[in-house]
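Grab a pencil and work through a few exercises on one protein chain. Try each task on the model before you read its solution.

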Amino acid sequence: MCAATGAKQARPSPDWSQPWNAAFATAGAAVCAACARGVPLPQALTQQVGAAGPRFVPQGELPEGMAYEQFIFETGAVPTREGLHDFFNGLVWQRFPATKRLLNRLQAAQIAQAGVGQVRGPVRDAITLFDENAVLLQAPDEIWDALIAREWTRLFVDLRPLWAQTRLVAFGHALLEKLVLPYKSITGHVYRAPVPTELGDDLAAWDHWLAARLTATELATKPFTPLPVLGVPGWWPANQQPAFYNDDTVFRPPRIATAHLT
């Protein structure tokens, strides 16, 4: 078991062989190994991330009453609890440092503008959704068209051969945490801007591309579309059977707007 998940709580360890963990497997295994030697999670993450990312500090260093995002912006340090959620947050910082910094700057700007209230507002809500649950997708146009239309049978059955030309990366750390114990209805939010095919599988290039294009204005529009991630070919053995996708409690049809007569 990975010590980073909190030995006292006997939580499960990530399975680094799973496709959704591929982008984080090397760093994640290294952090787990350090924690198993007794290194605290914040220190293990700092050692792994290195100069490319922030420092990770114990949660107790966050002053009472100070917003988490504001603390990161002002100090360059990320308050970190022992546990899977903050463990995966650190791994995403390691893989996508430019994008994580941008999201933090956007959060800090919103806090400076509107303060910290009980209601976050549309921009902060969207930033949080991106940070926690976003999925990045590089795929042929046919895949995108079926995904946006929520034509699940077409997407996953009819177009199944095209998934060999597709790259999908889970960005959200809460999404990665859920996938430690997979269940059918886990749903990510795909960012609706296709990752350019010319970037190939260079995730550092993905990071720079993403950090250069995300804006508060765009995020306020909630540019996401849902994806039940265990429907992705190769991500879950049960989805080899077409009947897997007949469950409309998971693979929900698109909403149809209805007109109201007056």
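What follows is a set of tasks, each with a worked solution.

**Ground rules**

This is a predicted model, so to speak of local features we need a pLDDT of at least 70, side-chain atom pairs count only at pLDDT 80 or more, and totals for chains, interfaces and linings use all residues. Residues are numbered from 1 along each chain as its sequence is written, and side-chain values use heavy atoms, with hydrogens and water left out.

**Exercise 1.** Find where pLDDT stays under 50, and state how many contacts beyond four places in sequence the model has there.

*Solution.* Start with the scale: pLDDT is the predictor's confidence in each residue, from 0 to 100. The chain averages 92, and 90% of the residues score at least 70. Next, look for the weak stretches. Residues 3–10 stay under 50, with 20 contacts beyond four places in sequence, where contact means heavy atoms within 4.5 Å. Residues 257–262 also stay under 50, and there the model has 0 such contacts.

**Exercise 2.** Classify the ring pair F130 and Y191, and work out which parts of the chain the pair ties together.

*Solution.* First, the rule: rings of Phe, Tyr and Trp (its six-membered ring) pair if their centres lie within 6.5 Å, and planes under 30 degrees apart count as stacked, over 60 as edge-to-face and the rest as tilted. The structure holds 18 aromatic pairs. For F130 and Y191, the ring centres are 5.6 Å apart and the planes stand at 70°, so this pair is edge-to-face. Now place the partners: F130 belongs to helix 6 (residues 122–133) and Y191 to strand 5 (residues 187–191), so the pair ties together parts 61 residues apart in sequence. Helices (H or I, at least four residues) and strands (E, at least two) are DSSP runs, numbered from the N terminus.

Then check burial: F130 and Y191 are both buried. Buried means under 20% relative accessible area, exposed over 50%, and partly exposed in between (1.4 Å probe, protein chains only). Finally, widen the view: ring pairs link F96, F130, F171, Y191, W209 and F224 into a cluster.

**Exercise 3.** Which residues have the most contacts inside the largest nonpolar core?

*Solution.* Use the definition first: a nonpolar core is a set of buried Ala, Val, Leu, Ile, Met, Phe, Trp, Tyr and Cys residues joined through side-chain atoms within 4.5 Å. The largest one has 74 residues, and those with the most contacts inside it are F130, L136, L155, F156, F171, L219 and L227. Helix 4 (residues 84–95) supplies the largest share, 6 residues. Now zoom in on L136: leaving aside neighbours within four places in sequence, its contacts include F96, F130, F171 and Y191. As background, nonpolar side chains in soluble globular proteins tend to be buried together.

**Exercise 4.** Decide whether E218 is buried or exposed, then find the polar contact that joins its side chain to another.

*Solution.* E218 sits in helix 11 (residues 216–220). Its relative accessible area is 17%, so E218 is buried. A polar contact of 2.8 Å joins its side chain to that of Y191. Such a contact is a pair of N or O atoms within 3.5 Å; within protein, one must be able to donate a hydrogen and the other to accept it, and residues adjacent in sequence count only if both atoms are side-chain atoms. Not counting residues up to four places away, E218 touches Y191, R213 and P223.

**Exercise 5.** Look at the backbone of R150 and K222: what is the phi of each?

*Solution.* Recall that most residues other than glycine have a negative phi. R150, not a glycine, has a positive phi of about 55°, and K222, also not a glycine, has a positive phi of about 55°. R150 lies in the loop between helix 7 (141–149) and helix 8 (152–158), while K222 lies in the loop between helix 11 and strand 6 (224–228). For exposure, R150 has a relative accessible area of 25%, so R150 is partly exposed. K222 comes in at 47%, so K222 is partly exposed too.

**Exercise 6.** Place G231 and list what it touches beyond four places in sequence.

*Solution.* G231 is in the segment after strand 6. With 1% relative accessibility, G231 counts as buried. Its partners are F156, N239, F244, Y245 and F251.
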